Amino acid sequence: MNKVNVKKAEGKLGVLVVGLGAVTTTFMTGVLMARKGLAKPVGSMTQYDKIRVGKGADKKYLKYDEIVPMTKLEDIVFGAWDVYPENAYESAINCEVLKEKDINPVKDELEKIVPMKAAFDKNFAKRLEGSNVKDCKNRWDMMEQLREDIRNFKKANGVDRVVVLWSASTEVYVPVNKKVHYTLADLEAAMKADDKENIAPSMCYAYAALAEGAPFIMGAPNTTVDIPAMWEMAEKTKLPIAGKDFKTGQTLVKSGFAPIIGTRCLGLAGWFSTNILGNRDGLVLDEPANFRTKEVSKLSTLESILVPEEQPDLYTDYYHKVRINYYPPRNDNKEGWDNIDIFGWMGYPMQIKIDFLCRDSILAAPLCLDLVLLSDLAARAGRWGTQRFLSFFLKSPMHDYTKNEVPVNHLFQQYAILKNAIREMGGYEADQEID
Ligand SMILES: NC(=O)c1ccc[n+]([C@@H]2O[C@H](COP(=O)([O-])OP(=O)(O)OC[C@H]3O[C@@H](n4cnc5c(N)ncnc54)[C@H](O)[C@@H]3O)[C@@H](O)[C@H]2O)c1
């Protein structure tokens, strides 16, 4: 074993979540219920997965906290910001993801999670009407107010370490602008000049988090930390960043299923994905400018798994379409259909249909927990910048596009990267052995 220097997970970990909606309240309720032994954190890698360390006769399968020092669920303290003033209990009830019987045992704790005023600009999510919003002079002031919130939260709760997770609505698409987003100096100047078009509120949260020593995770498809200026900020502050977009339902299926086609050298003519969902996320995504952000994120998955340049006979010009339809009766219980047109021997066509009747927030909650705990681990291990080992949890993994770096979207390659990062942080050798 190599000697590594990962700081212990001492004291409490503050988890500050932007957005106190369906995903966040499902995440918080599950953690609080699990802490009381009243529910199981099913789907969470950090709570269940076992990784092989060592080889041959020395091999062992260990849980993450047996390999690296992990924060315990008992040591998490939650806080949040939201545009709406309802506390976490009220919001969990309103979202109707969980049954009241699964919320009420932790009612007291949830009621204490009252959202701080949001850093919000209606132009970035037109369908939201909340009143719990900060009054800001400009984007720089918006960021300064968020910094103050983080400092106050730390003081009030006696926490040293904080992780900030964006689980708020998807903002409108902000294309990367070289004049603003490429250097930290330009980004800061634009915030001070109140450039409302190029500086999304989410960028103020990310900047504030990093400035206050907190790793930042982007759970929506927003390009917030997916810009060189934020990479520079993460380097300057020596903190981890991760993003973007939780890999939950359809994209999880896609990144796990596409390798079947690729591994067996079958051809792909087209992949049509459509969804119906009726929660507030669906409502926001019903706005074309917000859907555009999601579409860009969802479309990126196939391109790096089934690569036309590598197999022109099999993957040239396949048609890939993704649709999301707002359909209120289903609320959080999304239905995602995939129609996959493949071809085989001598070009003969075949079809595969997948109908995933999933629950959006039930799939997203364990990802929130894993991303938060692993970002905290990464910070304690002295890792900073884009955390590629977290791509496993994300639909559109961050990568250095200025250097033509190709993201890894293949679920099982992502899993290998995740396992090796944990091994290395635990002082074991990274390897490619079959488990
Ligand atoms: N559930 C999934 O499967 C899944 C998968 C990938 C990504 N996501 C993303 O996760 C996010 C959360 O999803 P959800 O279902 O909980 O949505 P939701 O609409 O229930 O909750 C989002 C909350 O964010 C708040 N909000 C919006 N802008 C804000 C701001 N600037 N500051 C503070 N709060 C703000 C809204 O008021 C709302 O309460 C969405 O962006 C969604 O696209 C979800």
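**Ligand shell and central sheet**

Colleague: Which residues come nearest among the 36 around the ligand?

Modeller: This is a predicted model, in which local features need pLDDT of at least 70 and side-chain atom pairs count only at pLDDT 80 or more, while totals for chains, interfaces and linings use all residues. Residues are numbered from 1 along each chain as its sequence is written. A residue is near a molecule or strand if its C-beta atom, placed from the backbone, lies within 6 Å of it, and of the 36 residues around the ligand those that come nearest are Gly-19, Gly-21, Ala-168, Ala-220 and Arg-280.

Colleague: Which element gives the most to the shell around the ligand?

Modeller: Helices (H or I, at least four residues) and strands (E, at least two) are DSSP runs, numbered from the N terminus. The elements that give two or more residues to this shell are α1 (22–35), β4, α12 (280–285) and α15. With four residues, the element that gives the most is α15.

Colleague: Which strands stand at the edges of the open sheet?

Modeller: Two strands pair if DSSP finds at least two bridges between them, and seven strands form this open sheet with parallel pairing, in the order β5-β4-β1-β6-β7-β8-β13. Each edge strand has a single partner strand, so one side of each is left without a neighbour in the sheet, and these strands are β5 (116–117) and β13 (385–386).

Colleague: What is the bridge partner of Val-18 in β4?

Modeller: Strand β1 (residues 13–18) pairs with strand β4 (residues 76–82) in the parallel sense, over six bridges. In β4, the residue that partners Val-18 is Trp-81.
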